[in-house]
Number of protein chains: 2
Amino acid sequence: MAMSNQTDKRVFVQSDDCPIRDVVAQIGDKWSILILFSLVDGPDRFNSLKSRIEGISQRMLTQTLRDLERDGFVNRTVYPEVPVKVEYKLTELGKGLTKSVWGLVSWADTHHDDIRAARQHYDARKQ
Amino acid sequence: MAMSNQTDKRVFVQSDDCPIRDVVAQIGDKWSILILFSLVDGPDRFNSLKSRIEGISQRMLTQTLRDLERDGFVNRTVYPEVPVKVEYKLTELGKGLTKSVWGLVSWADTHHDDIRAARQHYDARKQ
DNA sequence: CCGCATCCTGGGGGATACTG
DNA sequence: CAGTATCCCCCAGGATGCGG
């Protein structure tokens, strides 16, 4: 996809298999990005992730990890010890994704105060 | 927030007013990014946006525009003509956000095929 | 033309209990 | 330890109709 001129951008947003829609729909859920960033420092185990990501239920952790695995962002390895140990790690694709999300995250960090100020200003004006 | 060592990153994800959670929750919905990118070429009117963004209802367009306005990403201007004309444009903050999302979008564009291939591979293996 | 109000449904996602 | 299976609630968001 070109994305080189105005027309392309407009079509870009409309297309059904538009990458924005597809990837953002996957990544933009409640937990995906949090899990991704919890794995940037290296592999981690199921229950460790669960305790590190505040508020996630095991149901959603399992489900989101499956989705991330399906999209090729995360690898799942079972170590047949007793008790069983399962490790999750970022794939190269997952690392690339996380890296490209990092720009957004650091922007959000930098401008978080601006955003909250804008919200307060808006809410105050509407009483 | 530092984000300079491992400990910070882990806390980062857990904090309640964590910028990732806050901004992604706002931006990661079904329509926000699509609207943002529909405005990068310049201001646009309500119904023009509606027709350019495939599948959006006027209810969700209104609501998402309000949220974007509240966060200071979009400016709303009413021209008291007959019939009324309302123009939406990116603020400087909104332009900054859109620009920082662009890295993710272009990554998604580049690797869209890889993701779809991973999905097919995963689905095939699980029958 | 631009939206708000209302109604209604699907599925995201929490809580809990049970297996290998 | 790492899930799977159920139940259930809530609300994102579509459809429709009205008002300035």
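Here are some questions and answers about a predicted model of two protein chains, A and B, with DNA strands C and D.

Me: Let's start where the chains meet. How many residues of chain B are in contact with chain A?
Reply: Both chains take part in this meeting place. Chain A brings 58 residues to it. On the other side, the number of chain B residues in contact is 59.

Me: And what share of the area buried between chain A and chain B is on carbon and sulfur atoms?
Reply: Put together, the two chains bury about 5,600 Å² between them. The share of that area on carbon and sulfur atoms is 61%.

Me: Which residue of chain A meets B:Asp123 in a salt bridge?
Reply: Five salt bridges are found across the interface of chain A and chain B. In one of them, the N to O distance is 2.4 Å. A salt bridge pairs a nitrogen of Lys or Arg with a carboxyl oxygen of Asp or Glu, so the partner of an Asp has to be a Lys or an Arg. Here the partner of B:Asp123 is A:Arg70.

Me: Which element gives the most residues to the side of chain A that touches chain B?
Reply: Besides its salt bridges, the interface has eight residue pairs in polar contact, both partners at pLDDT 80 or more. On chain A, the elements giving two or more residues are α1 (6-14), α2 (19-27), α3 (32-38), α4 (46-52), α5 (58-70) and α6 (92-125). With 21 residues, the one that gives the most is α6(A).

Me: How many charged residues are on that side of chain A?
Reply: Let's go through the classes. The side of chain A that touches chain B has 27 nonpolar and 12 polar residues. Its charged residues number 19.

Me: Now for the DNA! What percentage of the atoms of DNA strand C within 4 Å of the protein belong to sugar and phosphate?
Reply: DNA strand C is surrounded by 17 residues, and the closest are A:Met60, B:Asn47, B:Thr62, B:Arg76 and B:Tyr88. Looking from the DNA side, sugar and phosphate account for 73%.

Me: B:Asn47, B:Arg76 and B:Tyr88 are listed as close to strand C. What is the distance from the side chain of B:Arg76 to a phosphate oxygen?
Reply: Each of these side chains has a polar atom by a phosphate oxygen of strand C. For B:Asn47 the distance is 2.6 Å, and for B:Tyr88 it is 2.6 Å. For B:Arg76, the distance is 2.5 Å.

Me: Which element of chain A supplies at least two residues of the surface near DNA strand C?
Reply: This surface divides into seven nonpolar, four polar and six charged residues. From chain B, α4 (46-52), α5 (58-70) and β3 (85-90) each supply at least two. From chain A, the element is α5.

Me: Let's turn to DNA strand D. Which side chain has an N or O atom 3.5 Å from a base oxygen of it?
Reply: Of the strand D atoms within 4 Å of the protein, 69% belong to sugar or phosphate and the rest to bases. A:Arg45 has a polar side-chain atom 3.1 Å from a phosphate oxygen, and B:Lys30 has one 3.2 Å from a phosphate oxygen. The side chain at 3.5 Å from a base oxygen is that of A:Arg59.

Me: Which strands are at the edges of the sheet in chain B?
Reply: The sheet is open, with three strands in the order β1-β3-β2 and antiparallel pairing. Two bridges join β1(B) to β3(B), while six bridges join β2 (residues 74-79) to β3(B). The edge strands, each pairing on one side only, are β1 (44-45) and β2 of chain B.

Me: Which residue of β3(B) is the bridge partner of B:Thr77?
Reply: B:Thr77 is in β2, residues 74-79, and a hairpin of five residues joins β2(B) to β3(B). On its other side, β3(B) has a residue standing opposite B:Arg45. That residue is also the bridge partner of B:Thr77: B:Glu87.

Me: Which residue stands opposite A:Arg45 in chain A?
Reply: Chain A also has an open sheet of three strands in the order β1-β3-β2. Its edge strands are β1 (44-45) and β2 (74-79), and two bridges join β1(A) to β3(A). Opposite A:Arg45, in β3(A), stands A:Glu87.

Methods. Residues are numbered from 1 along each chain as its sequence is written. Chains are lettered from A and ligands numbered from 1 in the order in which they are written. This is a predicted model: local features need pLDDT of at least 70, side-chain atom pairs count only at pLDDT 80 or more; totals for chains, interfaces and linings use all residues. Side-chain values use heavy atoms; hydrogens and water are left out. Contact means heavy atoms within 4.5 Å. Buried area is the accessible area (1.4 Å probe) that two parts lose on being put together, summed over both. A salt bridge is a side-chain nitrogen of Lys or Arg within 4 Å of a carboxyl oxygen of Asp or Glu. A polar contact is a pair of N or O atoms within 3.5 Å; within protein, one must be able to donate a hydrogen and the other to accept it, and residues adjacent in sequence count only if both atoms are side-chain atoms. Helices (H or I, at least four residues) and strands (E, at least two) are DSSP runs, numbered from the N terminus. Ala, Val, Leu, Ile, Met, Phe, Trp, Tyr, Cys and Pro count as nonpolar, Asp, Glu, Lys and Arg as charged, and the others, Gly among them, as polar. A residue is near a molecule or strand if one of its heavy atoms lies within 4 Å of it. Two strands pair if DSSP finds at least two bridges between them.
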